[in-house]
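Student: I have not seen this structure before. Can we go through it by question and answer?

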Amino acid sequence: MAIVGYMGCGKSTVGRLLAGRLGVGFVDLDEAVARRAGSPVPRIFAEQGEEAFRRLEHGELASALGGGGARVVACGGGAVLREDNRRLLREGALTVFLREDLRRLYARTRAADRPLRGASFEEFRRRYELRQPLYREVADLTVEVDGREAEEVVEEIVRWLGA
């Protein structure tokens, strides 16, 4: 299972809780990329650029979805930008899109060390609007987060799974 959505929507938090609830492994894609590169994500962006990060991200996504055993994969917010990643998500996993209000996300991500959080609200909104149709394209389930607690979001996903 994979979880997608814009930065700050709760992918990692929900993913960890969901994996625990289902008794399966958990992979945070950004953490996997950082481990593989031996460098934090912001440094990868700063020193190697976004394209280098996206190549690493693709390799880790393919590995996480293709490896044996059930797991929940929390994807980075931009993983859906690559068509080959969208194909992996459509064909290799049940994918949940965590949709959250733009203004709530913007407020939540201001203090975070996120390379693409955007310097202005307009830049943040532009990136959000570009990605929304891509998240919907890969989603088997869309969950409206609406500021709810992560446990409540997990419960909705578990009900949908019938688990």
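Student: In which loop is R110 found?
Tutor: This is a predicted model. R110 is partly exposed, with a relative accessible area of 22%, and buried would require under 20%. Along the chain, R110 sits in the loop between α6 (102-108) and α7.

Student: How many Å apart in space are R110 and G8, C-alpha to C-alpha?
Tutor: In sequence, R110 and G8 are 102 residues apart. In space, C-alpha to C-alpha, the separation of R110 and G8 is 9.8 Å.

Student: Is M7 buried or exposed?
Tutor: M7 has its place in the loop between β1 and α1. The C-alpha atoms of M7 and E51, 44 residues apart along the chain, are separated by 18 Å. The relative accessibility of M7 is 8%, and the cut-off for burial is under 20%, so M7 counts as buried.

Student: What kind of aromatic pair do Y6 and F124 form?
Tutor: The protein has 6 aromatic pairs by the rule used here. For Y6 and F124, the rings are 4.9 Å apart centre to centre, with 80 degrees between the planes. An angle over 60 degrees counts as edge-to-face, so the pair of Y6 and F124 is edge-to-face.

Student: How many residues apart in sequence are the parts that this pair ties together?
Tutor: Y6 lies in the loop between β1 (2-4) and α1 (11-22), whereas F124 belongs to helix α7 (residues 121-138). Y6 is buried at 1% relative accessible area, and F124 is buried at 0%. Because of where Y6 and F124 lie, the pair ties together parts whose distance in sequence is 118 residues.

Student: What kind of pair do F45 and F53 form?
Tutor: F45 is buried, and F53 is buried too. Their rings are 4.8 Å apart centre to centre, and the planes are 35 degrees apart. Under 30 degrees would be stacked and over 60 edge-to-face, so the pair of F45 and F53 is tilted.

Student: Which residues do ring pairs link into a cluster?
Tutor: Y6 and F124, the edge-to-face pair, both belong to the cluster. Its members, linked by ring pairs, are Y6, Y106, F121, F124 and Y128.

Student: Which residue in the loop between β5 and α8 has a positive phi?
Tutor: The residue lies between β5 (141-144) and α8 (150-161). Its phi is near 50 degrees, and it is a residue other than glycine. At 48% relative accessibility it counts as partly exposed. The residue is D146.

Student: What is the radius of gyration of the protein?
Tutor: The protein has 8 helices and 5 strands, in the order β-α-β-α-α-α-β-α-β-α-α-β-α from the N terminus on. For 163 residues the globule rule gives 15 Å, and the protein is close to that value, so it is as compact as a globular protein of that length. The radius of gyration is 15 Å.

Student: What share of the contacts between residues at least 6 apart in sequence joins residues at least 24 apart?
Tutor: The C-alpha trace spans about 40 × 35 × 25 Å along its principal axes, and buried residues make up 45% of the 163 residues. Among contacts between residues at least 6 apart in sequence, the share joining residues at least 24 apart is 72%.

Student: How far apart do the centres of the positive and negative side chains lie?
Tutor: There are 27 positive and 26 negative side chains. The centres of these two sets are separated by 2 Å.

Technical notes:
Residues are numbered from 1 along each chain as its sequence is written. This is a predicted model: local features need pLDDT of at least 70, side-chain atom pairs count only at pLDDT 80 or more; totals for chains, interfaces and linings use all residues. Side-chain values use heavy atoms; hydrogens and water are left out. Helices (H or I, at least four residues) and strands (E, at least two) are DSSP runs, numbered from the N terminus. The radius of gyration is taken over C-alpha atoms; the globule rule is 2.2 Å times the number of residues to the power 0.38. Buried means under 20% relative accessible area, exposed over 50%, partly exposed in between (1.4 Å probe, protein chains only). Contact means heavy atoms within 4.5 Å. Lys and Arg count as positive and Asp and Glu as negative; His and the chain ends are not counted. The place of a charge is taken as NZ of Lys, CZ of Arg, CG of Asp or CD of Glu. Rings of Phe, Tyr and Trp (its six-membered ring) pair if their centres lie within 6.5 Å; planes under 30 degrees apart count as stacked, over 60 as edge-to-face and the rest as tilted.
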